[in-house]
Structure formats: C-alpha cells, structure tokens
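Please examine the structure displayed here before reading on. The explanation is intended for a reader who has not met it before.

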Amino acid sequence: MKRTLLVLLFVFSASALVSCRDAKVIESPPLPSDPTRVFVEGILVSLPSDVMDQAEAQTTGQEIKKRLEVESKRGWNARIAGGIKYADLFQTIYASRDYRKVFAQSSGLRPRGEVALKVLLEADKHALDPSPYHVSMIQTLATRLAELDDKSTPPDLTLTGNEAEALIQWLKNRNLSPSKPETYDQLVKAIVAAQGSPVPRVTERVRAYQAKFAKTAVDSAELELRTADGILRYARDMKHFNLNRQDWRDLKEAGGSKALIYSRLQETFDDLARATTSEQIASVLKRLEPPHPQYERLVAALARYRAIAADGGWKSVSQTTVEIGARSPRIGDLRRRLAVEGYLETPASSASANEINTADAALVDAFHAFQATHQFNADAGGNAAVWRSLNVSVSRRIEQIVTTLERWRESRYANEPDYVFVNIPDFHAEIYEKHTLAMRFRVVVGNTVRQCDAKTKKWVMPNATPIQMAEMDHLIINPFWNVPERIVEEELEPKFKSDPTWLEKNNYEIVTVKGGNTWIRQKPGDDNALGRVKFIFPNRHNTYMHDTPKKKYFDYPVRAFSHGCVRVHEPIEFAEYLLNKDGLATKEEVEALLAEGTQKKFTLKTKLPVFFEYYVVRVDDQGRTHFLADVYKLDQLRGMPDDPDANSCAKKLSHSQDSDGDTTAPSDVSGDLGP
C-alpha cells in the first residue's frame with residue numbers, strides 16, 4: 001500500500017510540474033514485474049467460489065467416489081437400463097477434478113445443471129426419448145435438495161489486503177510458479193485444509209459451513225452423477241456414437257470404438273465444465289446437433305406435423321380431375337386436405353359449399369405444389385400414385401421425419417464449409433461454398449434392379465449408389481470409359497457376339513494392358529457413356545460423377561437409372577466451377593478442349609469433400625417439406641432389422657413402390673449401358 005501511494009505521489013508531482021511549464025514529460029521508471037503478485041491479484045475474484053467448491057468436494061466427494069465404485073462394478077446392460085452408464089468414465093473424470101461437482105450443489109442444480117436439464121427435457125423435439133437421461137430422477141433430487149436447503153448465506157470469503165499478501169508469501173515460500181496450472185489448485189486446497197492454511201480466518205469460516213454440505217451429501221452426489229450421466233447419454237445419442245467417418249485404422253489408433261467414444265464424451269464434459277455462462281453452456285450442447293441446416297429445418301417440421309396429428313390429422317381423399325372449374329364434393333375434400341398440410345388456406349367459415357367444391361386457380365396451384373414436393377410431375381390428377389401419397393397418414397409422415405433425423409445424426413458431414421452433397425433420394429447434387437448453396441442440379445443415381453445374394457440369401461441392389469464420403473481429386477475432360485467387367489459380361493457380350501462389328505459401330509475398342517490382359521473401353525465422343533466430363537473422388541466403391549449422352553432421364557422426377565455412378569445434368573458448369581475455383585482453366589479453355597475432343601486430366605488443388613447420403617425427407621428454402629421416394633427401401637428395411645426374414649430372397653419382397661412416387665424404370669431403360 002505504501003509503495004502504491006509513493007508511486008501515485010510521484011506521478012501526480014510529475015504531471016503537476018508539466019502543467020506549470022512547457023517542458024518534456026517526465027516519465028516514471030517502470031516498476032519491477034512480480035509474477036506472483038500479478039497472479040494473486042488475478043485470482044481474488046474467482047477464489048471464494050472455487051474455495052467453496054473445493055470445500056463441498058472435500059465433504060461430499062467421498063459419496064461420489066463410493067457411488068461410482070459400486071456402479072462401475074455392475075454389468076454394462078444393468079447400467080444402461082437404469083444405472084449410471086458411464087460410471088467407469090466418471091471414475092477417471094471426477095478423480096482428476098478432486099470430486100468437485102459440475103452440475104449440482106447442496107441446494108440443487110447449479111446454473112450449468114439447469115441448462116443441461118432443460119436440454120434433456122427438450123430431447124423429444126429431436127425424436128430422442130428423454131427417459132434414459134434420468135430427467136425424472138434429476139427433477140426429484142433437485143426439488144428435494146431445494147426443500148432441504150436451509151437458505152443460510154454462504155460465508156463472505158473476500159480477502160483483506162493482508163491476507164492477499166499472505167497468499168503471495170505462501171506461494172513464494174514454497175517456490176510455486178504462478179505459470180503452472182496446478183499452482184492454483186494447490187492454493188485452493190491449502191485454504192480449505194484444516195492445517196497449514198495461508199489464510200486461517202477464511203479456512204475457519206469455510207469449515208464451519210461444511211456441515212451444511214454433509215447433510216445432503218448423498219443426494220447431491222446422486223444428482224451430480226445422474227445429471228452428468230444424462231447429458232453424456234444425450235451427447236452420445238446426438239453425436240458421439242457416429243463412427244461413420246472412421247475406418248479400422250482410426251479405431252485401432254484410438255484403442256477401439258469404446259475408447260474413441262469415451263474420449264469424445266470426456267471432451268464434451270470438459271467443455272461443459274469450462275463453460276461459465278448459460279450461453280456458453282448452451283453453445284456446447286448446441287454443437288452436438290448435426291451442423292447442416294437441414295437438421296434444424298427437420299426439427300421444425302417434426303413439431304409442425306406432430307401439431308397436425310394432435311389436431312386430428314387429415315381425412316382421406318378420392319381421385320378426381322383437378323382443373324379450374326371442376327366441381328364435386330371430392331374437390332372440397334381435396335381443398336380441406338391440402339389446407340391441413342399448409343398448401344392452401346383453410347376455407348373460410350362463410351364460404352359456400354359451391355365455392356369449396358369448385359376448383360379455382362389457388363387449389364390447382366396447391367395441388368401442383370403437393371405433386372412437386374412428392375416427386376410427381378404436375379398434371380390434373382391422373383396419376384393414381386399422387387392420391388395414394390395424399391392418403392398416407394400423418395403418423396407415417398412423422399415416422400419418416402424421425403428416421404431422417406436419425407440418419408442426419410449418422411451423417412458423414414462434419415461442418416465442412418465447402419463441399420459437394422448428393423442426397424440420393426432427392427436426385428440432386430448441391431455445391432456449398434462457405435456454408436452457402438452455390439449450385440443445385442439434377443442427377444441420375446443407381447438403379448433399383450435386385451439380385452439374390454447367394455451367401456446372405458437377401459435381396460441386394462448391386463447398382464445402388466452407395467452412401468459414402470470421399471474427396472474430389474481430379475476431373476477428366478473427354479474421358480475414355482473403361483467398361484467394368486460385370487457390365488461387359490451382362491450387357492455387352494450378348495451384343496458383340498451376335499454382331500462382331502457392334503463394338504466398332506458404337507465407338508468401343510479392345511485394348512491390351514500390361515500383362516497381356518484385354519480391356520474394352522469406349523472412346524471419347526458425344527456417345528460416350530461418361531459424356532464429356534468425368535469427376536473422380538477415389539473410393540472403395542469405384543463410383544464417380546460424370547456427364548451422360550442419355551439426357552432424357554433427367555426429365556423424370558425419380559431418376560434411378562445408372563449402374564451406381566452419378567450422372568450430372570450440368571456437367572460443364574460443374575467442371576467450370578471446379579476449374580475456376582482452383583485457377584486451372586477458364587470457361588473459354590474448357591470450351592476449346594471440348595471442341596478438340598482429346599482427353600485431358602486436371603488434378604484439383606482444392607480437394608472438396610463429396611458426400612453421398614440418403615434422406616427421404618428434406619425441407620426446402622421456402623419451408624416446404626418434401627417426402628421423397630425410399631428408392632432403395634433403406635428406410636423400409638431399417639424398420640425391421642430384427643426380423644430374420646426381412647428382405648429375404650425366399651419371401652420375394654414386392655417390387656411395388658410406396659406412395660411417394662414411382663421408381664419403376666421406363667420401358668426403354670433396359671438397354672442403358674451407362675455406369
């Protein structure tokens with residue numbers, strides 16, 4: 001204090017001197033740096049609360065420790081069924097924290113715990129069942145502790161100047177470096193300890209208050225562990241179970257799938273423990289949700305369709321002609337049906353039966369909008385599948401949204417800002433740049449031809465486009481098409497065996513490769529199955545994206561016609577985008593190469609992630625919910641994984657399409673040779 005006053009007097013005198021004369025400013029000499037003093041001054045605000053936390057941990061920590069010792073010895077299934085699932089992980093976490101609580105205290109939940117409970121209570125909006133997250137027990141324990149709390153005011157642990165000096169000397173006498181993280185913990189423990197405290201007055205106050213902690217130690221320990229376990233169960237279900245981006249090498253390096261998931265859970269726990277404000281805590285938990293904007297839109301869609309269900313859903317409708325001026329009670333039923341789902345305004349109570357039962361422009365537009373969001377071409381209602389789709393129950397629509405939310409939690413997408421995204425049932429590719437949609441164009445995906453797998457006795461679709469993630473490596477302008485052996489055997493051989501000139505007439509050639517083996521390939525040209533551009537992202541499925549000469553298939557709303565690769569409706573624009581992004585070629589240079597007709601490979605500098613995923617529900621930018629064809633029946637089969645006869649070849653599952661469109665290929669697809 002004296003030293004500070006002397007400095008202030010010196011500065012005041014210097015400033016006064018300068019104000020009386022027109023002279024140079026006289027600067028005071030810099031004070032010598034004292035890291036220990038700076039350290040103590042920096043912790044004086046946080047020290048009281050941390051001392052109380054340590055005091056509570058010292059009093060109730062043994063209850064946490066004992067509880068975890070008992071729980072960790074229980075079987076895994078028993079812990080999942082109603083115990084503390086992550087007791088073994090918590091033994092490590094809480095021991096490293098000296099059993100200081102994160103979520104609970106003697107009077108109930110801390111603010112951090114309150115935020116956690118709020119998130120757990122809202123788990124149902126993500127179609128997650130909150131009951132395994134201990135929400136009922138957390139609420140019961142928190143209420144009980146609040147009722148038992150004697151409302152006594154915690155002691156004032158503000159340090160005096162002399163006590164602050166005592167802390168400084170205590171640290172210096174023990175040569176404790178203020179730059180080491182453990183120094184702060186040692187200081188807090190010393191203040192709580194019965195003997196050797198650097199500030200005995202504070203220690204005495206703390207220890208007098210510890211009796212309060214002892215009264216509720218068992219319940220507060222249980223509340224802490226139940227809240228921690230609930231939030232980690234939620235974190236696991238929301239994000240950390242997803243290992244789809246990892247291969248066997250990643251799992252081996254991590255020590256196995258359990259070790260990897262546990263490391264993720266501990267990271268979330270640590271992030272929550274470090275967060276200090278409600279906003280920071282909520283942000284940690286928000287980051288568990290899939291980062292793609294589709295997920296949040298689907299959560300809103302689920303809430304909307306649940307509200308429709310709670311209001312009674314919609315009534316079935318019968319097929320009729322939907323043209324302006326058409327009049328019948330069926331038109332009125334359709335009007336009410338479309339209004340329930342938001343495609344049309346609800347008829348006014350004052351509207352006459354004649355008005356309701358007569359088709360106007362608004363009704364026709366709403367009907368066409370429904371067709372567009374369910375993968376049907378706009379017509380006057382002549383497609384019976386449209387009416388089947390209209391009569392799918394709201395409960396089934398909710399199931400589809402729930403499954404799609406689950407699939408998003410399994411997504412390989414991990415918040416990359418720039419990427420290529422193909423939703424297989426949507427039959428579109430999207431290019432995102434800095435999280436913003438830059439391009440969207442139609443694609444054709446693998447067909448639905450089924451074969452019986454001799455080993456598994458299950459139906460398989462060998463040409464289905466695989467769900468996967470890879471990186472765009474290069475593109476080829478004017479590519480050759482090296483025909484896969486399977487396609488040669490199944491589709492080309494019958495043609496060139498019956499007509500020896502067929503290969504030459506269709507721009508194919510037989511080449512001899514190293515080792516003397518022969519290969520059939522198609523030369524570059526307008527009739528090449530790959531079209532004019534091929535986009536390569538190396539993957540174990542050997543699939544890629546490419547142009548195609550068969551443009552007519554892009555006119556179908558459901559486009560499953562290829563042998564597994566993805567055909568692109570706007571390949572030149574896609575190629576120009578990638579090449580321009582890396583500064584590899586201009587639009588004019590691409591056009592010149594296309595005119596020249598020779599093959600040229602461009603290795604990309606920017607390795608854009610490419611995601612092929614499978615979502616039968618999407619929400620567009622206008623907020624309209626699209627229900628898409630379950631083209632490979634993956635959602636249908638997902639609902640019956642425990643049935644040994646599911647997808648069995650013996651049962652010859654029906655090829656019929658569900659109510660969301662027609663995946664049956666047109667009659668002229670059988671000769672399609674594209675990949």
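The paragraphs that follow proceed from the whole chain to one of its helices.

The model is a predicted one. Its chain of 675 residues contains 25 helices and 20 strands. The radius of gyration is 34 Å, whereas the globule rule gives 26 Å for this number of residues; the chain is therefore more spread out than a compact globule. Along the principal axes, the C-alpha atoms occupy a box of roughly 105 × 65 × 65 Å.

The next matter is burial and contact. Buried residues make up 47% of the chain. Among contacts with a separation of 6 or more, 70% join residues that stand 24 or more positions apart.

The surface and the charges may be considered together. The accessible surface of the chain amounts to about 33,500 Å², and carbon and sulfur atoms contribute 52% of that area. There are 91 positive and 92 negative side chains in the chain, and 4 Å separates the centres of the two sets.

Helix α14 offers a local view. This helix spans residues 278-286, and its residues I281, V284 and L285 are buried. These three cover an arc of only 95° around the axis, and so they lie on the same side of α14. An α-helix has 3.6 residues a turn, which means that residues three or four places apart point the same way. What do the buried residues of α14 pack against? Their partners are the helices α6 (111-121), α11 (217-240) and α13 (257-274).

Methods. Residues are numbered from 1 along each chain as its sequence is written. This is a predicted model: local features need pLDDT of at least 70, side-chain atom pairs count only at pLDDT 80 or more; totals for chains, interfaces and linings use all residues. Side-chain values use heavy atoms; hydrogens and water are left out. Helices (H or I, at least four residues) and strands (E, at least two) are DSSP runs, numbered from the N terminus. The radius of gyration is taken over C-alpha atoms; the globule rule is 2.2 Å times the number of residues to the power 0.38. Buried means under 20% relative accessible area, exposed over 50%, partly exposed in between (1.4 Å probe, protein chains only). Contact means heavy atoms within 4.5 Å. Accessible areas come from the Shrake-Rupley method with a 1.4 Å probe; for residues, only the protein chains shown count as cover. Lys and Arg count as positive and Asp and Glu as negative; His and the chain ends are not counted. The place of a charge is taken as NZ of Lys, CZ of Arg, CG of Asp or CD of Glu. The arc is that of the directions from the helix axis to the C-beta atoms.
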